[in-house]
Amino acid sequence: AEIEIPDVYSPEVESSIEDSLKDNFLAIKLLIQIGNSYFFQPQIEPALNAYLQVLEQVNIDQVPLLKAHSLVSIGEIYRQQKKYAAAQKKLSEAFELLEKNGEELDKKHAYSLAGALRIFTARGSSQNATAIAMKLI
């Protein structure tokens, strides 16, 4: 079977690229996708690096849900690295952003996250809190 290669000079591709270049948040979206790609390989350190770079973008506060996504991902990486206090801090920041800016589904995820964090924090088990919270999201 022959692989079909798209015509990079076609008007559709040119228009799509042009539209993407006008996106003020393109760098943030690309960094998140890079982080996601590394995360699922799993290559945790490069993933963490990409997500941390997202938070350094000057316009990140203009897209709170993308910021929340990065914070949740960082929190999960910290949990895997057994940095439970840091994980809980990032997940709490994500919760606040989701609760304040999210649509209904985002808010449901945020409440699940908060519930798991409260239950297991009360029991003194941040490790379990973040693991359960990640499954709920």
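1. Start with Lys 82, in the loop between α4 and α5 (84–101). This is a predicted model, and in it the phi of Lys 82 is near 65°, a positive value in a residue other than glycine. Most residues other than glycine have a negative phi, so that is a spot to look at on your screen. Is Lys 82 buried or exposed? Lys 82 counts as exposed because its relative accessibility is 58%, and the cut-off for exposed is over 50%.

2. Next, go back along the chain to Pro 42, in the loop between α2 and α3. The peptide bond from Gln 41 to Pro 42 is cis, with omega near -15°. As a reminder, most peptide bonds are trans.

3. Now for the overall layout. The chain has seven helices and zero strands, so if you read along the sequence you get the pattern α-α-α-α-α-α-α. Of the 137 residues in the chain, buried ones make up 36%. If you take the contacts between residues at least 6 apart in sequence, 49% of them join residues at least 24 apart.

4. Have a look at how α2 packs on α3. Two packed helices are described by the angle between their axes and the distance between the axes. For α2 and helix α3 (residues 44–55), the axes come within 7 Å and cross at roughly 160°. Why call them roughly antiparallel? An angle over 145 degrees counts as roughly antiparallel, and α2 and α3 therefore fit that description. Their crossing is left-handed. On the α2 side, the contact is made by Ile 28, Leu 31, Ile 32, Ile 34, Gly 35, Asn 36, Tyr 38 and Phe 39. The α3 side brings in Ile 44, Pro 46, Ala 47, Ala 50, Tyr 51, Gln 53 and Val 54. Sorted by class, the residues of this contact are twelve nonpolar, three polar and no charged.

5. Helix α2 (residues 26–39) also packs against helix α4 (residues 64–80), at an angle of about 25° and with the axes 11 Å apart. Angles under 35 degrees count as roughly parallel, and α2 and α4 are therefore roughly parallel to each other. The crossing of α2 and α4 is left-handed. Here Ile 28, Lys 29, Ile 32, Asn 36 and Phe 39 in α2 meet Leu 66, His 69, Ser 70, Glu 76, Ile 77 and Gln 80 in α4. By class, that contact has five nonpolar, four polar and two charged residues.

6. Phe 39 turns up in the α2 contact with α3 and in the one with α4, so keep an eye on Phe 39 when you compare points 4 and 5. How many aromatic pairs does a search of the whole structure find? The search finds one. Phe 39 and Phe 40 form that pair, edge-to-face, at 5.3 Å centre to centre and with 90° between the planes. Phe 39 is buried, because its relative accessible area is 18% and the limit is under 20%. Phe 40, on the other hand, is exposed at 66%.

7. Last, find Asn 24 in the loop between α1 (11–21) and α2. Asn 24 counts as exposed, at 62% relative accessibility. Where Asn 24 and Asn 59 are concerned, the two are 35 residues apart in sequence, and their C-alpha atoms are 8.3 Å apart in space.

How values were computed:
Residues are numbered from 1 along each chain as its sequence is written. This is a predicted model: local features need pLDDT of at least 70, side-chain atom pairs count only at pLDDT 80 or more; totals for chains, interfaces and linings use all residues. Side-chain values use heavy atoms; hydrogens and water are left out. Rings of Phe, Tyr and Trp (its six-membered ring) pair if their centres lie within 6.5 Å; planes under 30 degrees apart count as stacked, over 60 as edge-to-face and the rest as tilted. Buried means under 20% relative accessible area, exposed over 50%, partly exposed in between (1.4 Å probe, protein chains only). Axes are lines fitted to C-alpha atoms, for helices over the stretch in contact, and angles run from 0 to 180 degrees between N-to-C directions. Helices (H or I, at least four residues) and strands (E, at least two) are DSSP runs, numbered from the N terminus. Angles under 35 degrees count as roughly parallel, over 145 as roughly antiparallel, 65 to 115 as roughly perpendicular and the rest as oblique. A crossing is left-handed if the near helix is turned anticlockwise from the far one by less than a right angle, and right-handed if clockwise. Contact means heavy atoms within 4.5 Å. Ala, Val, Leu, Ile, Met, Phe, Trp, Tyr, Cys and Pro count as nonpolar, Asp, Glu, Lys and Arg as charged, and the others, Gly among them, as polar.
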